Amino acid sequence: MAEATYFPRHLVLAGALVSGVLLALAVHMLGARYGLDLGGLWRTDTRDFMPAGSAVAWWLIATVAFSSGYFVAMLMHRAASGQLPERMRQFLIAIAVLVLAGAGQAASAPSPVPTVLGVLAGLAALCLGAVMAFCGAHFALRRI
């Protein structure tokens, strides 16, 4: 019986980190299209303490990045050892293509957020996505 081979831990961590950041940015772009923007935190024209849309956007981006980092690390570990069925692989590829295509479509339209706030919100989503995807992948690798 052949021994199962696995990807190196650094490769699994890097792959999970990249996919978590990409999905966090995709969710940020799609959320901004529907009014869930991170830029609401830096607006001075509202009297609210913190707009609910910004809080929902922060939590949504963090949840998506953490869970995608965790699941991608687990899937990469299983895929290298041959434990990932072909249908599951095709399903995951189709979902990733649809999410990234939707984010590309949302990003191509004019932004409802002013330019400086949009850049700051994008950088915040990038940093939040990177940290949370790293945490998710780290927990998945400790479990393995």
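Here are some short exercises on a predicted model, each with a worked solution.

**Exercise 1. Find out how many disulfides the structure holds, and how accessible cysteine 127 and cysteine 135 are.**

Start with the sulfur atoms. A disulfide calls for a pair of cysteine sulfurs within 2.5 Å, and the structure holds zero disulfides. Next, look at accessibility. Cysteine 127 has a relative accessible area of 49%. The exposed class begins over 50%, so cysteine 127 is partly exposed. Cysteine 135 comes out at 28%, so cysteine 135 counts as partly exposed too.

**Exercise 2. Place serine 19 in the fold and decide whether serine 19 is buried or exposed.**

First locate the residue: serine 19 sits in helix α1, which covers residues 9-33. Then check its accessibility. Buried means under 20%, and serine 19 has 18%, so serine 19 counts as buried. Finally, look for its partners. Once neighbours within four places in sequence are set aside, serine 19 touches Ser68 and Val72.

**Exercise 3. Describe the largest pocket: its volume, its lining and the helices that supply the lining.**

Begin with the volume, which is about 650 Å³. Now turn to the walls. The lining is made of 21 residues, and Leu23, Val72, Leu75, Leu92 and Ala96 lie nearest the centre of the pocket. Sort the lining by class, and you get 17 nonpolar, three polar and one charged residues. To close, trace the lining back to the helices: α1, α2 (52-80) and α3 (86-108) each contribute at least two residues.

**Exercise 4. Count the aromatic pairs, then classify the one formed by tyrosine 70 and phenylalanine 71.**

The count is two aromatic pairs. For the pair of tyrosine 70 and phenylalanine 71, the ring centres are 5.5 Å apart. The ring planes of tyrosine 70 and phenylalanine 71 meet at 80°, and since an angle over 60 degrees is the cut-off, this pair is edge-to-face. One more step: tyrosine 70 has a relative accessibility of 19%, so tyrosine 70 counts as buried.

**Exercise 5. Work out where leucine 36 lies and what leucine 36 contacts.**

Leucine 36 is part of the loop between α1 and α2. With a relative accessible area of 25%, leucine 36 is partly exposed. Now compare sequence and space: leucine 36 and glycine 53 are 17 residues apart along the chain, yet their C-alpha atoms are 4.7 Å apart. Beyond its neighbours within four places in sequence, leucine 36 is in contact with Gly31, Gly53, Val56, Ala57 and Leu60.

Notes. Residues are numbered from 1 along each chain as its sequence is written. This is a predicted model: local features need pLDDT of at least 70, side-chain atom pairs count only at pLDDT 80 or more; totals for chains, interfaces and linings use all residues. Side-chain values use heavy atoms; hydrogens and water are left out. Buried means under 20% relative accessible area, exposed over 50%, partly exposed in between (1.4 Å probe, protein chains only). Helices (H or I, at least four residues) and strands (E, at least two) are DSSP runs, numbered from the N terminus. Contact means heavy atoms within 4.5 Å. On a 1 Å grid over the protein atoms alone, a cavity is a set of points where a 1.4 Å probe fits but cannot get out, and a pocket is an open set with protein on both sides within 12 Å along at least five of seven lines; lining residues have an atom within 4 Å of a point. Grid points are joined across faces, edges and corners, and a volume is the space filled by probe spheres set on the points. Ala, Val, Leu, Ile, Met, Phe, Trp, Tyr, Cys and Pro count as nonpolar, Asp, Glu, Lys and Arg as charged, and the others, Gly among them, as polar. Rings of Phe, Tyr and Trp (its six-membered ring) pair if their centres lie within 6.5 Å; planes under 30 degrees apart count as stacked, over 60 as edge-to-face and the rest as tilted.
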